[in-house]
Amino acid sequence: MADTAAPPASDQTGTGAPRADLGARLARGVARALSEQGFVSLAEFRTPEGRRMDLMALGPKGELWCIEVKSSRADFMTDAKWERYLPYCDRFFFAVPDGFPDELLPAGEGMMRADAWGAEVLREAPERPVEPARRRSLTLAFARLAAQRLAAAGTGPAMAPQAPID
């Protein structure tokens with residue numbers, strides 16, 4: 001028999017996981033789904049102003065996508081910074097779990113439904129091309145951060161094989 005009790009206050013989605021853990025699991029699912037499309041993603045990517053995007057994804061053609069993960073109504077309602085990410089990405093998406101009140105999300109932005117294992121685009125995000133100088137700066141910052149994290153994960157310099165350069 002299904003448990004009909006209300007989920008704990010820490011998680012209104014019914015998974016029993018704390019919200020912070022739910023957000024991390026949703027971000028992992030989004031990163032997995034984007035990887036299948038040829039994107040690479042970094043969590044907690046900082047803008048030049050120091051704001052942290054939940055995920056920044058770099059596509060196979062150099063496109064930059066920002067994905068802001070919202071695990072609950074309260075998470076969305078307390079976030080007033082997402083619009084400040086728009087100049088730093090070609091496309092902007094919200095990623096939300098099942099049961100999220102979709103009507104809260106701005107109709108003009110992209111939307112993904114996510115879980116720990118994947119994500120599906122439910123609404124495409126409009127294209128807003130990043131200025132060329134800013135794109136170069138962001139792409140370099142993305143590469144440096146990825147290399148720093150890879151090096152920190154090991155015992156020395158990053159030794160991952162390099163993909164062919166076209």
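Trainee: Which side chain does Glu-127 meet in a salt bridge?

Mentor: Start with the general idea: side chains of opposite charge can pair when their charged atoms come close. In this predicted model, the partner of Glu-127 is Arg-91, at 3.1 Å from N to O. Arg-91 sits in strand 4 (residues 91-96), while Glu-127 is in the loop between strand 6 (118-123) and helix 3 (132-153), so the pair ties together parts that are 36 residues apart in sequence.

Trainee: And is Glu-127 buried or exposed?

Mentor: Exposed, at 58% relative accessibility, because the cut-off for that label is over 50%. Arg-91 comes out at 17% and counts as buried.

Trainee: OK, next one. Which residues are linked in a network of salt bridges?

Mentor: Glu-68, Lys-70, Asp-75, Asp-79 and Lys-81. Let's pick out a couple of pairs. Lys-70 bridges to Asp-75, with their closest N and O atoms 3.6 Å apart. Asp-79 and Lys-81 also pair up, at 3.3 Å from N to O.

Trainee: How do I read burial there? Say, is Lys-70 buried or exposed?

Mentor: Buried: Lys-70 has just 2% relative accessibility. Its partner Asp-75 is partly exposed, with a relative accessible area of 23%. For the other pair, Asp-79 is buried at 10%, and Lys-81 is partly exposed at 28%.

Trainee: Last thing: how many salt bridges does the count come to?

Mentor: The count is 13 salt bridges, going by the rule of a Lys or Arg side-chain nitrogen within 4 Å of an Asp or Glu carboxyl oxygen.

Key:
Residues are numbered from 1 along each chain as its sequence is written. This is a predicted model: local features need pLDDT of at least 70, side-chain atom pairs count only at pLDDT 80 or more; totals for chains, interfaces and linings use all residues. Side-chain values use heavy atoms; hydrogens and water are left out. Buried means under 20% relative accessible area, exposed over 50%, partly exposed in between (1.4 Å probe, protein chains only). Helices (H or I, at least four residues) and strands (E, at least two) are DSSP runs, numbered from the N terminus.
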